[in-house]
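Work through these short exercises with the sequence and the 3D view side by side. Try each task before reading its solution.

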Amino acid sequence: MNHAFVAALAGAGHTAESLAGQIGVHPKTVARWANPGHIPQSRHRSTVAKLLAKDADALWPDVVRRREPVWFRPWVDLEREAVTLRSFELTWVPGLLQTEAYARATLAGGVLAPDAVAEFAEARMNRQAILSRDGGPLLIAVLDEGVLRRRVGDDRALMASQLARLLGFAEMGSVQLHIVPADAPSYPGLDGPFTIADMPDGSRVAHVDSPARAQILDQMSDLVSLERRWERIRGEALPRGRSVDLLREAAASWT
């Protein structure tokens with residue numbers, strides 16, 4: 001339990017319901033902030049701290065120790081609170097499903113210094129905790145088959161380990177994996193990856209992947225367009241069982 005937050009809530013004379021009413025969120029959202037790993041979105045964090053007469057750093061010290069890129073943190077905050085995440089990936093294994101070696105290999109291919117590669121890879125591993133915690137989101141991940149066939153790094157064992165990790169995730173109740181096979185015709189996923197997050201209050205936001213900044217979309221027109229793309233992509237993907245069979249075959253090809 002986040003004892004600092006619970007004590008500050010009581011000390012300020014607030015309940016989850018009263019605090020939620022002042023900042024415009026559901027009381028269940030406030031209640032979750034008392035649990036380790038649950039941090040208010042950046043747009044709420046300073047307001048909550050002010051209402052509780054505390055520094056945000058004292059209430060959520062994990063924010064200070066965060067290692068992901070600053071531009072990506074708003075999306076990580078949303079990801080942590082989401083009820084459902086629907087993710088499509090065309091090129092890479094989603095960060096929430098990567099091994100550390102795979103994460104390091106993808107990051108090292110850019111312009112990052114070794115220390116930054118290590119920090120950002122650690123941040124990706126830390127994000128994965130949401131998939132195993134109580135009340136965490138359901139992740140529905142659709143991957144193009146090319147993700148399974150494209151080598152990352154110089155060692156084939158890295159890919160074998162990554163695909164074995166995907167098979168492990170596929171057995172979790174909080175993860176559903178689907179693969180768009182290589183023989184699928186041209187489909188909307190070729191326009192690029194994205195993730196749609198369903199939030200506890202019924203709202204939706206989306207993240208469109210970019211190497212430079214977090215493009216978070218919350219306009220209805222954008223969300224409707226992405227929802228249509230998502231449904232068409234799912235229509236091309238294999239059912240869950242056949243996707244796992246294809247994943248097993250691809251994993252064996254790397255050994």
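For the charge exercise below, Lys and Arg count as positive and Asp and Glu as negative; His and the chain ends are left out. The model is a predicted one.

**Exercise 1.** Find how far apart the mean positions of the positive and negative charges are.

Solution. Start with the counts: the protein has 30 positive and 31 negative charges. Next, take the mean position of each set. These two positions lie 2 Å apart.

**Exercise 2.** Decide how the radius of gyration of the protein compares with the globule rule.

Solution. First, list the elements: 12 helices and 6 strands. The rule gives 18 Å for 255 residues, and the radius of gyration is 19 Å, close to that value, so the protein is as compact as a globular protein of that length. Then take the box along the principal axes: the C-alpha atoms fill roughly 60 × 40 × 30 Å.

**Exercise 3.** State what share of the residues is buried, and what share of the surface belongs to carbon and sulfur atoms.

Solution. Buried means under 20% relative accessible area. By that cut-off, 50% of the 255 residues are buried. The accessible surface is about 12500 Å², with 52% of it belonging to carbon and sulfur atoms.

**Exercise 4.** Check the span of helix α8, then find what its buried residues pack against.

Solution. Helix α8 covers residues 114-127, which is 14 residues. At 1.5 Å a residue it should span 20 Å; the end C-alpha atoms are 20 Å apart, so the two agree. Now look inward. Among the buried residues of α8 are Ala116, Val117, Phe120 and Ala121. The buried residues of α8 pack against α6 (73-81) and α7 (100-108).

Technical notes: Residues are numbered from 1 along each chain as its sequence is written. This is a predicted model: local features need pLDDT of at least 70, side-chain atom pairs count only at pLDDT 80 or more; totals for chains, interfaces and linings use all residues. Side-chain values use heavy atoms; hydrogens and water are left out. Helices (H or I, at least four residues) and strands (E, at least two) are DSSP runs, numbered from the N terminus. The radius of gyration is taken over C-alpha atoms; the globule rule is 2.2 Å times the number of residues to the power 0.38. Buried means under 20% relative accessible area, exposed over 50%, partly exposed in between (1.4 Å probe, protein chains only). Accessible areas come from the Shrake-Rupley method with a 1.4 Å probe; for residues, only the protein chains shown count as cover. The place of a charge is taken as NZ of Lys, CZ of Arg, CG of Asp or CD of Glu. The expected span of a helix is 1.5 Å times one less than its number of residues. Contact means heavy atoms within 4.5 Å.
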